[in-house]
Each structure stands twice: as structure tokens, then as C-alpha cells.
Amino acid sequence: MKYVLKNQEMQDTDYETIHQIGIPGLVLMERASKAVADCAMRHVRENGRILVIAGIGNNGGDALAAARILLEEDNRTDYMVVGNLEKASEDLKLQMQILQNLGYEPAEDPDFKNYDLLVEGIFGVGLSREVGGVYRDVIERINQSERPVIAVDIPSGISGNTGKVMGCAVKAVETVTFGGYKRGHLLYPGREYCGKVTLEKIGFHDQTIEKYASGFTLEEPEGLMPPRLSYSNKGTYGKILMITGNETMSGAAAFAGEAALRMGAGLVKILSDASNRPILQSRLPEILFGERGDLEKSLDWCDCILFGPGLGAGDETKEMLEYVLKHGTKPLILDADGLNTISRYQMEIDYPYGVIMTPHLMEGARLLSKEIDEVKADICQAAEEIASRYHAIAVLKDAATIVAKNQDKLYINQSGNHGMASGGSGDVLAGMITGLAGTGCDLYDAAVRGVYLHGLAGDAAMREKGPYSMIASDILHHIKDVTGGKNESILPGACSH
């Protein structure tokens, strides 16, 4: 697990580290600059030319200190400063004075195309307004030069909080950041502008970062599955009820049902339209099948409920959902038409046994009575609003899916790929999350780990099929690659964070 911070959270971490813990700011700057310089030297060939482009804040100070280190290592390095030096930070002025004391003056209007590598530290994460003036001109020149760029902390022009492009932004091949990831590194479109993100600690300690960070991400696939016991039976691993699939949508039920089974669920019962019985039981003979009239007794039987994939959002679905919300006593995962029913009929959710909601952006916009562009503008905030409004764990699906729960750290997912933008992928995710929840995982852990493992299975599918040819069934096929073969090393309690 790695922590993810907003801009102010990183500033608070920085302040405490310097003023309360006592690590001098210049020590942090020197270590940050060394990491940037090392990165630059990995990218430039012998005798290659490097141009360091600094702004007038502390991010620029990091960049100028990196220029000094590059020069110490006999790299052919020039530097320039963008902005009014009279308004520069004290650290920037100090780093520039050191360079001048060593005899290195800034380059006058250099041609960026004459360099093999650009290192830019114009703004960093503190940017809060649209880029304009001389800064916009320089950023456009950087991108037009078509030279590889190393960004210091975050590409200038990217919002550290949302990943939004603030008018224009540098496109980097690699970004070197410090302490913890910023949201803008992981959220689109910022994620694409960052290139490879290299995280360096430089003196920030985990306990300080954890204190302020409001988010986290997963990077290691090990230890995410619940334990399998030698002395066990099918009842040990959960009885899952799925209310899915109308007469034209048997595929949604099949995808969700198989995904839950592939995640280790002991028993899966699907309540669906009677016409789907031969289709589902021929494709998935492992499932139990019931019709919608079986709902009452099935609620007593199950350990976990999935409601919504392929149901349609009509009156019958509304009546079934109302019944589940009134009589259910087990954790509930609401997906697809379960969510559309809530927004269509403006239903309130007050379900004391735990709810996970899995909307995509359009469904999320409906749940919040907002336009989709408003949701896209700050997807983290939208996920938190859904979680708060509906007293639920929100899984807001996008290229970087967000999992939000009140009073818990926000999860920002990095696994997955654009080949997963295919019909049925969301049904697979719903089934995977339900499979984990049904085996006894804490609901928030089930949501987070389900999202992460779903993305990893999609990554495995893309490696085999490529992004154009892969389909939802391929994600199902590769669930084994992210869950199998390692259960002997999983300790009890692996599903609590």
C-alpha cells in the first residue's frame, strides 16, 4: 500500500517534517534534487545536453539544485528561470546564488530543441489557477520541442488534487515525486501527462505521511485473498444470492455468477427470469437457479446479496429492491439497474447491514442529480458524495476507479487498462466484489481488493489478447492469475487493512 495525498496534505506533511520533527528543508531539497538528477542521468546518453527549466517557487529550487548536481557529475547542463525573480522563494534564490557562485549563469532564451533532455520544475503541486502568460508560452515550447521531459514532483499545469489540466500542461516521460503520490499522479488526464511516476521518500517518514494522507493505492497483488482452510466445505466460503438478468440479459447474470465463483465463493444462487434457466445452468452448472418468487426464502439462506446487473429499471425491479432493503439482513452490493432504479425513483438508502454501490460515471451523475462533466471534474469528491448521501461504500468506476467510505481513506486504483472498456466488464467486477464480501471480507476491503484484482486480471487478459480483441470473458479467464497458487502463504486476517 502507498499513501496518496492532496496538495494541502503534502504541505502539512512538509511543515511537520521541517518544523516539528526537525529535518531541515534544505536537507529535503538536496535529497529531492539528487533523486531528480539521478533520474535525468538515466535518461541522457553520454555527452548529452540537459536543460533545467525552473519556476520561482520551491519546486524551481529543487530543479536548480538538480542542475548543480548534474554539473558536479560533469553533465553538459544549462538552466533557466521562468518568472519574476523579485517574487521568488528564498530557497530558489539560494539555489540560484549557489550556481552563480560556482560560475554558472542562466541561459538566455535557449532553443529547447538543442537539448537531449529537459528537466522542468516550474510549478509543482501548488498550482491552483489556469496557466497563462509567460508560463503558458514556456510549457507550449517544452511540448513543441518533442524532447523527453523529466518533471519535478508533478508536470507543471496538472492539478495535484484532481489530475485536471489547468489550461496547458507539460507532457513528461517520467515524473519524480516525493513522500507520497499526489492524486493528480493517479487520476486522468494527469496520469497520462506524468509518464512513469517514481516515488522517492527523501526524508518524509511513513507515520507522518499516514497522519495527513486521505488516500491510498495498492501496488502489490500478494496477500489480498481470504484464507482457504484445509478443514472446510462449500458452506465455509459463503452463500451468495444474485438478483440479476431479465429475459434479454442472461449474460450479465452469467458474468457476475462466474466471477463470484472464480473468487472462491462456495455457493452462488441466481434469481433470474425463468427463460434464463437453460442458458445459465448450461453455461454455469455450478450455480443454483431460482425465479423471482423465491426471493423471500433466498434472503434467509444467503450470506451476501448482489442486486441489479441486467434487471432493467422498471416497476418490478423497484418492488424487489424495496423488499430487499426492508427484509434483507446481509451485506448488499448494488450494481447497474439496481443503481438506476434508485436514481429513477429517487429512493432513499438506509440499510444497516452494509451497502456497496458500483456506479460508472453516468450512473454516478444520476445518483447525485448532476451532469456527468461535474462528476468528471472531481471524481474523488463525487465518490465521497455518493458514499455520504447513500450511507454506502461507493465504487465509482472510471479509468482510475475510486472507492470511498465515510471516515476512511479514499482508494485510487491503478490497475487495469482501456481494453477493459467492453460490455460485461462491470458485471465481472460486481461478481468479484460480491465473491470477496460473501466469503467474509470486510466490505470496504472487498470493494478495494475486488477493484484492484479485477484490474490485474484485465491486465493479464490484455497481455494475452491485446486491447482490441479482449472481452469480458477474458477477464474471467484470468482471475486465476491473480488469485491462484499462493493460498498456502496467506495468513488469517488477510482481508483487514
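The paragraphs below walk through the pockets, cores and some individual residues of this predicted model.

A good place to start is with the pockets. The largest pocket holds about 900 Å³ of space. Its lining is built from 32 residues, and those nearest the centre of this pocket are Gly-57, Asn-58, Asn-59, Phe-123 and Gly-126. Three helices each contribute at least two residues to this lining: H1 (7-21), H2 (25-43) and H3 (58-72). Helix H1 provides the largest share, with five residues. In chemical terms, the lining of the largest pocket consists of 15 nonpolar, ten polar and seven charged residues.

The second largest pocket contains about 690 Å³ of space. Here 29 residues form the lining, and Lys-397, Asp-398, Met-420, Ala-421 and Ser-425 are the ones nearest the centre. Two or more lining residues come from each of helix H13 (337-344), helix H17 (425-438) and helix H18 (443-465). Among the elements, H17 gives the most to this lining, namely four residues. The make-up of the second lining is seven nonpolar, 15 polar and seven charged residues.

Next come the cores. In soluble globular proteins, nonpolar side chains tend to be buried together. The largest nonpolar core of this model has 56 residues, and the members that touch the most others are Val-52, Ile-53, Leu-64, Phe-112, Val-119, Ile-142 and Phe-178. Leu-64 offers a closer look at such a neighbourhood. Apart from residues within four places in sequence, Leu-64 is in contact with Val-52, Ala-54, Tyr-79, Val-81, Leu-92, Gln-95, Met-96 and Leu-99. There is also a second, separate core, made of 54 residues, with Ala-256, Leu-280, Ile-287 and Ala-430 among them.

Charged residues can be followed in the same way, beginning with Glu-174. This residue sits in strand E6, which spans residues 174-178. Is Glu-174 buried or exposed? Glu-174 counts as buried because its relative accessibility is 3%, and the cut-off for buried is under 20%. The side chain of Glu-174 makes a polar contact of 2.6 Å with the side chain of His-43. With neighbours up to four places away in sequence left aside, Glu-174 is in contact with Cys-39, Arg-42, His-43, Val-149, Ile-150, Ala-151, Cys-194, Lys-196 and Thr-198.

Asp-335 belongs to the loop between strand E14 (332-334) and H13. Its relative accessibility is 2%, so Asp-335 also counts as buried. Which side chain is joined to that of Asp-335 by a polar contact of 2.5 Å? The partner is the side chain of Thr-358. Beyond four places in sequence, Asp-335 touches Leu-306, Phe-307, Gly-308, Pro-309, Thr-358, Lys-397, Gly-426, Asp-427 and Ala-430. Two of these names have come up before: Lys-397 is one of the residues nearest the centre of the second largest pocket, and Ala-430 is a member of the second core. As for His-454, 119 residues separate it from Asp-335 in sequence, while the two C-alpha atoms are 15 Å apart in space.

Thr-434 is part of helix H17, the helix that gives the most to the lining of the second largest pocket. Thr-434 counts as buried because its relative accessibility is 0%. Once residues up to four places away in sequence are set aside, Thr-434 touches Ile-240, Cys-304, Leu-306 and Ile-333. Leu-306 appears among the residues touched by Asp-335 as well.

Finally, the backbone has some details to look for. Where is a cis peptide bond found? The bond joins Tyr-188 and Pro-189, and its omega angle is about 5°. Pro-189 lies in the loop between helix H6 (183-186) and helix H7 (190-194). Positive phi values in residues other than glycine are found at Asp-74, where phi is near 65°, and at Ile-202, where phi is near 60°. Asp-74 is in the loop between H3 and strand E3 (76-81), and Ile-202 is in the loop between strand E8 (196-200) and helix H8 (206-212). Their surroundings can be told apart by accessibility: Asp-74 is exposed, with a relative accessible area of 70%, whereas Ile-202 counts as buried at 8% relative accessibility.

How values were computed. Residues numbered from 1 in each chain as written. Predicted model: local features only at pLDDT ≥ 70, side-chain atom pairs only at ≥ 80, totals over all residues. Heavy atoms only, no water. Buried < 20%, exposed > 50% of the residue type's maximum accessible area, 1.4 Å probe, protein only. Polar contact = N/O pair within 3.5 Å; in protein donor to acceptor, adjacent residues only side chain to side chain. Contact = heavy atoms within 4.5 Å. 1 Å grid on protein atoms, 1.4 Å probe; cavity = no way out; pocket = protein on both sides within 12 Å on 5 of 7 lines; lining within 4 Å. Points joined across faces, edges and corners; volume = space filled by probe spheres on them. Nonpolar A, V, L, I, M, F, W, Y, C, P; charged D, E, K, R; others polar. Core = buried A, V, L, I, M, F, W, Y, C linked by side-chain atoms within 4.5 Å.
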